[in-house]
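Me: Could you walk me through this model, one question at a time?

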Amino acid sequence: MNIRVRFAPSPTGYLHIGGARTALFNYLFAKNRKGSFLLRIEDTDTARSSREMTQQILRSLEWLGIAWDEDPVMQSANTDRHKQVCGGLYEKGCCYPCFCTKEELEQRRKESGSYRYDGTCRDLTAREQKQRMESGQPYILRFKVEPGETVFDDMVRGTVRVDNSEIDDFVILRSDSTPVYQIAVVVDDHDMGITHVVRGDDHISNTPKQILLYRAMGWDVPVFAHIPMILGPDKKRLSKRHGAASVEEYKDMGIMPEALVNYLALLGWSAGDDRELFSMEELARVFSIERIVKNPAVFDETRLMWFNGNYMRETPDEALLPLVRETLTGPQDVSDKYMLGVIALMKPRAATYKDIAVSGACFFKDPESYEEKAVKKHWKKEGVSGRLEAIVSEAQNTDVWDEASIESMIRGLAEKEGVGAGKYIHPVRLALAGCGQSPGLFEMMELLGKETVLRRISRAQEYVDSMSGNE
């Protein structure tokens with residue numbers, strides 16, 4: 001079989017994490033089986049759909065590395081085809097016009113306590129139907145669900161059985177002659193030659209209705225696979241309240257696409273061993289729908305950050321350079337050589353490439369303030385001002401400015417005073433970084449350069465002296 005799958009988002013918002021995983025599973029399944037991955041934009045909700053969101057979804061998929069094999073299909077372009085099929089179903093006697101008004105339906109629901117349609121218009125004769133339709137009375141088309149059982153084999157859930165008595169005579173065409181989701185998706189999937197429908201399990205209640213439509217039209221029914229949903233840490237459906245919810249938000253956070261793809265692939269699926277790090281190509285080689293678990297997956301952002309850190313460390317500094325530059329809010333005239341030096345120092349400590357610029361802000365501008373906790377711990381001690389002054393004096397007379405000579409200078413001063421090197425290292429780090437944490441001090445001092453180091457230490461000494469004067 002020539003496998004053909006599709007991802008069919010609605011352009012009513014950004015591509016969310018659940019949708020991205022569905023797209024990824026479809027893509028990996030197609031590539032594993034040497035099939036085709038197609039894209040359909042379900043834009044029939046004209047009030048909420050927008051071209052901007054369509055483009056955003058396409059950009060998010062491209063950023064993830066999920067490429068479609070044929071031009072995207074716009075569902076709104078197929079409306080006439082959907083209506084044609086509805087007409088064919090009516091001619092076959094598989095559906096009937098329902099003339100009940102919203103008010104009448106609501107009243108019956110209140111009286112019966114049931115939301116199921118009571119079949120008022122189901123047994124109208126053809127003559128009665130024609131008379132009422134020709135009189136201009138508004139109507140909808142309802143699919144006539146016959147007694148029996150609808151059974152299908154789900155690639156994730158196994159055999160699913162639904163008694164047709166549980167399925168209402170559902171609407172396929174609205175009173176304004178616009179087709180509803182159920183008929184549109186069936187027609188489009190058939191016309192696109194879709195062989196497997198891989199989607200979230202929130203659609204599983206739609207599947208029996210769609211199978212009935214396939215059979216009524218005499219079309220082949222695709223194979224279905226319903227993926228369990230993604231939950232937040234509180235075991236409720238993942239949403240905005242759990243933090244970032246869209247691919248675009250994670251991109252803006254500085255997450256690398258390879259990391260997000262790797263993490264999403266392992267949400268509810270495993271390769272059957274303990275391996276965790278996979279490239280897209282490796283995932284495609286080993287992916288199988290049969291290894292998707294039936295239980296919901298829990299999204300753990302901390303875990304995602306672990307993946308991102310791994311990919312960050314494996315990414316060449318040169319490849320990170322343009323990404324870090326994009327996030328830089330300080331001076332833009334920093335040389336590539338200097339930027340690469342910052343990346344090399346910060347990468348082992350950063351969770352995202354944005355962290356390199358944000359947490360490494362001290363490499364681009366002098367500290368505007370000093371961390372209060374670090375000041376209390378490292379600067380409110382006897383002898384700090386003198387040690388800062390000694391470093392400035394010694395550095396001014398140092399011709400060679402590299403990591404080894406800087407370390408030798410500072411350790412030499414500590415040894416001469418008879419104190420541990422930390423008495424010099426910690427106050428200087430606070431002077432240069434504005435906080436008590438930074439990459440290795442000696443590497444940092446080399447990269448900043450002597451002029452910047454002397455300026456910042458001198459300013460710090462003034463700050464320390466002012467504290468002493470105020471006490």
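What follows is a short set of questions and answers on this structure.

Me: Before we start, what kind of model is this, and how are residues numbered?
Reply: Side-chain values use heavy atoms, with hydrogens and water left out, and residues are numbered from 1 along each chain as its sequence is written. Local features need pLDDT of at least 70, side-chain atom pairs count only at pLDDT 80 or more, and totals for chains, interfaces and linings use all residues, since this is a predicted model.

Me: Happy with that. How do S1 and S2 run where they join, and over how many bridges?
Reply: Helices (H or I, at least four residues) and strands (E, at least two) are DSSP runs, numbered from the N terminus. Two strands pair if DSSP finds at least two bridges between them. Arg4 has Ser36 as its bridge partner in S2. S1 and S2 run parallel, and the bridges that join them number four.

Me: Which residues of S1 point the opposite way from Arg4 and Arg6?
Reply: In a regular strand, side chains alternate between the two faces of the sheet. In S1, both sets of side chains are buried (under 20% relative accessible area; exposed is over 50%, partly exposed in between, with a 1.4 Å probe and protein chains only). Arg4 and Arg6 share one direction, and the other way point Val5 and Phe7.

Me: Which residue forms a salt bridge with Arg4?
Reply: A salt bridge here is a side-chain nitrogen of Lys or Arg within 4 Å of a carboxyl oxygen of Asp or Glu. In this pair the closest N and O atoms are 2.9 Å apart, and the two residues link distant parts of the chain, 66 residues apart. Arg4 is buried at 16% relative accessible area, while its partner is partly exposed at 35%. That partner is Glu70.

Me: How far apart in sequence are the parts that Arg40 and Asp189 tie together?
Reply: Arg40 and Asp189 form a salt bridge whose closest N and O atoms are 2.7 Å apart. Arg40 lies in strand S2 and Asp189 in helix H6 (residues 181-191), so the pair ties together parts of the chain separated by 149 residues.

Me: Which residues are linked with Arg40 and Asp189 in a network of salt bridges?
Reply: Arg40 and Asp189 are both buried. A search of the whole structure finds 23 salt bridges. The network that holds this pair also includes Arg6, Glu42 and Asp188.

Me: How far apart are the closest N and O atoms of Glu276 and Arg303?
Reply: Glu276 lies in the loop between helix H9 (257-265) and helix H10 (280-286) and Arg303 in helix H11 (residues 301-314), so their salt bridge ties together parts that are 27 residues apart in sequence. Glu276 is partly exposed at 29%, and Arg303 is partly exposed at 27%. Their closest N and O atoms are 1.8 Å apart.

Me: In the open sheet S4-S5-S8, which are the edge strands?
Reply: This sheet has three strands, with antiparallel pairing. S4 and strand S5 (residues 140-143) pair over four bridges, and Cys95 stands opposite Phe143 in S5. Each edge strand pairs on one side only, and these are strand S4 (95-98) and strand S8 (171-173).

Me: Is Lys34 buried or exposed?
Reply: Most residues other than glycine have a negative phi. Lys34 has a positive phi of about 55° although it is not a glycine, and it is found in the loop between helix H1 (17-32) and strand S2 (36-41). At 74% relative accessibility, Lys34 counts as exposed.

Me: What is the phi of Lys235?
Reply: Lys235 sits in the loop between strand S11 (230-231) and helix H8 (247-253). Its relative accessible area is 54%, so Lys235 is exposed. Lys235 is not a glycine, yet its phi is positive, at about 70°.
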